[in-house]
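Please look over the sequence and the structure shown below before reading on. The paragraphs that follow take up a few places in turn.

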Amino acid sequence: MLHRLGAIVATSLTTVATVPTTTAAAATPVGLPMAMTTTKAAAQSITFTTASAGAAAAARPRSSVTSVAHRGASAYAPENTIAAFRLADKQRADMFELDVQETKDHKLVLMHDPTLNRTTNVEQVFPTRSPWRIKDFTYAEIRRLDAGSWFAAKYRGQRVPTLRGALRAMDSSGMGLLLEIKKPELYRGIEGRVADELNRNPSWLIPGRVVVQSFNWGSMRKFHHKMSHVPIGLIGTPRIAQLPKLSSFADQVTPPHRGLVPRYIRRVHSLGMTVLAWTVNDAASMRRLISAGVDGIITNKPDVLARITDS
Ligand code: G3P
Ligand code: CA
């Protein structure tokens with residue numbers, strides 16, 4: 001198995017994690033600052049050394065900012081599909097982000113909205129099932145849906161992936177994963193089911209390869225107690241006064257990019273957490289945020305960010 005995340009070097013702190021490399025030759029390093037529970041003592045800058053995971057990865061330059069493809073390269077391919085994740089890889093994102101929710105029969109599927117109708121043809125396939133909530137459908141039903149045609153005809157036939165399917169499809173890419181548990185308050189026990197799925201796919205448990213995040217910080221505290229070695233991200237902008245307490249279980253803060261200022265980023269860093277800004281699609285904002293000191297940028301357009309980090 002090839003892994004882009006071949007070895008870890010903590011550059012600003014003592015090195016505390018070694019990635020079990022499964023490939024031999026290391027190629028060009030990529031900058032991938034990551035929050036890691038096992039390594040957390042202060043803000044870190046960690047460099048993953050690219051293994052020989054293909055020409056695209058080998059050509060990747062060192063960058064001090066992690067590129068995260070938001071729902072995949074979702075400006076160009078249907079969000080939360082395998083096609084979008086693969087395109088993110090081609091566009092040299094370091095990680096892909098996805099949204100996990102749960103079917104009626106407790107299968108973990110990838111979708112942003114709590115309902116199926118914006119990004120699938122559910123209204124045609126199941127016209128009487130309004131409001132088409134994911135949690136009211138079995139996985140066998142959801143498998144019948146087309147999750148690509150709404151975006152563009154050439155993506156017809158893309159399915160709603162399961163988390164398991166995405167982990168398997170993307171494993172050999174060597175990319176990292178920013179896994180959002182979407183609306184955990186709707187799916188009692190989802191934290192345990194996500195943890196079980198990750199445990200079933202240990203190649204994703206290489207230190208720093210997966211970060212689990214949510215808008216629901218209570219759910220993230222719960223997840224941390226189940227899998228304390230997996231870094232936790234908090235989506236939103238916690239108040240400065242809240243940060244010390246949250247840093248007892250969180251490793252990353254994921255605020256919306258507007259209004260994000262260097263002073264806030266420095267405070268998060270001082271508590272040993274990293275900052276990933278979302279959702280940033282224009283070059284000017286990307287440059288501003290890099291100057292402000294963010295560790296990562298979550299974007300629908302990883303190609304735009306790659307051009308900046310190349311230059
Ligand atoms: O990673 C942060 C971002 O994904 C949160 O926003 O609504 O696109 O899931 P949303
Ligand atoms: Ca998300």
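In this predicted model, helix α10, which covers residues 283-292, packs with helix α11, residues 302-310, at an angle of about 55 degrees, and their axes are 10 Å apart. Angles from 65 to 115 degrees count as roughly perpendicular and those under 35 as roughly parallel, and α10 and α11 are therefore oblique to each other. The crossing that α10 and α11 make is right-handed. On the side of α10 the contact is formed by Ala-283, Met-286 and Arg-287, while α11 brings Val-304, Leu-305 and Ile-308 to it. Sorted by class, the residues in this contact of α10 with α11 are 5 nonpolar and 1 charged, with no polar residues.

A second place to look is the loop between α6 (190-200) and β8 (210-214), where Trp-204 is found. Trp-204 has 19 C-beta neighbours inside 10 Å and so counts as partly exposed, given that a residue is called buried if 20 or more other C-beta atoms lie within that distance. If neighbours within four places in sequence are left aside, the residues in contact with Trp-204 are Leu-167, Leu-177, Leu-198, Arg-209 and Val-210. Met-175 is 29 residues away from Trp-204 along the chain, and the C-alpha atoms of these two residues are separated by 9.4 Å.

The last place to consider is ligand 1, and which residues surround it? The shell around ligand 1 consists of His-70, Glu-97, Asp-99, His-112, Glu-180, Ile-235, Thr-254, Trp-278 and Ile-298. By class, the residues of this shell divide into 3 nonpolar, 3 polar and 3 charged.

Terms used: Residues are numbered from 1 along each chain as its sequence is written. Chains are lettered from A and ligands numbered from 1 in the order in which they are written. This is a predicted model: local features need pLDDT of at least 70, side-chain atom pairs count only at pLDDT 80 or more; totals for chains, interfaces and linings use all residues. A residue is near a molecule or strand if its C-beta atom, placed from the backbone, lies within 6 Å of it. Ala, Val, Leu, Ile, Met, Phe, Trp, Tyr, Cys and Pro count as nonpolar, Asp, Glu, Lys and Arg as charged, and the others, Gly among them, as polar. Axes are lines fitted to C-alpha atoms, for helices over the stretch in contact, and angles run from 0 to 180 degrees between N-to-C directions. Helices (H or I, at least four residues) and strands (E, at least two) are DSSP runs, numbered from the N terminus. Angles under 35 degrees count as roughly parallel, over 145 as roughly antiparallel, 65 to 115 as roughly perpendicular and the rest as oblique. A crossing is left-handed if the near helix is turned anticlockwise from the far one by less than a right angle, and right-handed if clockwise. Two residues are in contact if their C-beta atoms, placed from the backbone, lie within 7 Å. A residue is buried if 20 or more other C-beta atoms lie within 10 Å of its own, exposed if 12 or fewer, and partly exposed in between; C-beta atoms are placed from the backbone.
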